[in-house]
Amino acid sequence: REAGVPIILDGCRFAENAYFISRGEPGMVGTPIVEIVREMSTLFDIMTMSAKKDGLANTGGWLAVRDDALAESLGQRLI
């Protein structure tokens with residue numbers, strides 16, 4: 001972030017990863033998954049997820065952006 005480059009997370013496995021963190025990561029065992037996901041989300045400027053993975057849907061996904069100006073710029077490029 002100090003270099004002005006956004007940090008991006010491909011969130012296709014964020015819930016599954018949070019589950020495993022809650023089961024075995026030292027200091028995080030037993031932490032509610034929603035709390036882990038909230039903490040994870042503070043680390044990134046942009047998060048994407050393809051809904052096509054794991055049979056959730058045959059198309060689609062989402063893009064979450066923390067910066068309003070960047071969100072506006074990216075939104076103009078989406079179909």
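Which residue in S3 is the bridge partner of Thr-48? In the structure described here, which is a predicted model, the bridge partner of Thr-48 is Leu-63, a residue of S3. This contact belongs to the pairing of S2 with S3, two strands that run antiparallel and are joined by 5 bridges. On the other pairing of S2, strand S1, which covers residues 8-10, and strand S2, which covers residues 46-50, are matched in the parallel sense over 3 bridges. Within the sheet, Leu-9 stands opposite Met-47, the latter being a residue of S2. Strands of a sheet pair through backbone hydrogen bonds, and the pairing may be either parallel or antiparallel.

Taken together, the strands make an open sheet of 3 strands in the order S1-S2-S3, and the pairing in this sheet is mixed. Because S1 and S3 stand at the edges and each has a single partner strand, one side of each is left without a neighbour in the sheet. From one strand to the next, the twist averages 10°. As a general feature of regular strands, side chains alternate between the two faces of the sheet.

The aromatic side chains were examined next. By the pairing rule applied to ring centres, the count comes to 2 aromatic pairs. One of these is formed by Phe-14 and Trp-62, whose rings are arranged edge-to-face, with 6.4 Å from centre to centre and 75° between the planes. Phe-14 lies in helix H1 whereas Trp-62 lies in strand S3 (residues 61-65), so that the pair ties together parts that are 48 residues apart in sequence. Trp-62 has a relative accessibility of 35% and therefore counts as partly exposed, a class that spans the interval between the 20% limit for buried residues and the 50% limit for exposed ones.

Tyr-19 and Phe-20 also form an aromatic pair, again described as edge-to-face, with a centre-to-centre distance of 5.3 Å and an angle of 70° between the planes. Tyr-19 is located in helix H1, which comprises residues 14-24, and its relative accessibility of 36% places Tyr-19 in the partly exposed class. Tyr-19 and Phe-20 further contribute, together with Ile-33, to a nonpolar surface patch of about 280 Å². Membership of such a patch requires a relative accessible area of over 30%, and the value of 36% for Tyr-19 is consistent with this cut-off.

Helix H1 also holds Ala-18, a residue that is buried, with a relative accessible area of 0%. The C-alpha atom of Ala-18 is separated by 9.0 Å from that of Glu-35, although the two residues are 17 residues apart along the chain. A further C-alpha separation, of 9.8 Å, was computed between Ala-18 and Met-28, which are 10 residues apart along the chain. Met-28 is placed in the loop between H1 and helix H2, the latter spanning residues 33-41. With a relative accessible area of 25%, Met-28 is partly exposed, whereas Ala-18 is buried.

With regard to charged side chains, the structure holds 1 salt bridge. In this salt bridge the side chains of Arg-13 and Glu-16 meet, at a distance of 3.6 Å from N to O. Arg-13 is partly exposed, its relative accessible area being 31%, and Glu-16 is likewise partly exposed, with a relative accessible area of 39%. In general, side chains of opposite charge can pair when their charged atoms come close.

The segment before S1 was considered last. Val-5 is found in this segment, as is Pro-6. Val-5 is exposed, with a relative accessible area of 52%, while Pro-6, with a relative accessible area of 36%, is partly exposed. For both residues a C-alpha separation from Asp-45 was computed: that between Pro-6 and Asp-45, which lie 39 residues apart along the chain, is 5.6 Å, and that between Val-5 and Asp-45, which lie 40 residues apart along the chain, is 9.2 Å.

How values were computed: Residues are numbered from 1 along each chain as its sequence is written. This is a predicted model: local features need pLDDT of at least 70, side-chain atom pairs count only at pLDDT 80 or more; totals for chains, interfaces and linings use all residues. Side-chain values use heavy atoms; hydrogens and water are left out. Patches are made of residues with over 30% relative accessible area and no salt bridge: like charges are joined within 9 Å, nonpolar side chains (Val, Leu, Ile, Met, Phe, Trp, Tyr) within 5 Å. Accessible areas come from the Shrake-Rupley method with a 1.4 Å probe; for residues, only the protein chains shown count as cover. A salt bridge is a side-chain nitrogen of Lys or Arg within 4 Å of a carboxyl oxygen of Asp or Glu. Helices (H or I, at least four residues) and strands (E, at least two) are DSSP runs, numbered from the N terminus. Buried means under 20% relative accessible area, exposed over 50%, partly exposed in between (1.4 Å probe, protein chains only). Rings of Phe, Tyr and Trp (its six-membered ring) pair if their centres lie within 6.5 Å; planes under 30 degrees apart count as stacked, over 60 as edge-to-face and the rest as tilted. Two strands pair if DSSP finds at least two bridges between them. Axes are lines fitted to C-alpha atoms, for helices over the stretch in contact, and angles run from 0 to 180 degrees between N-to-C directions.
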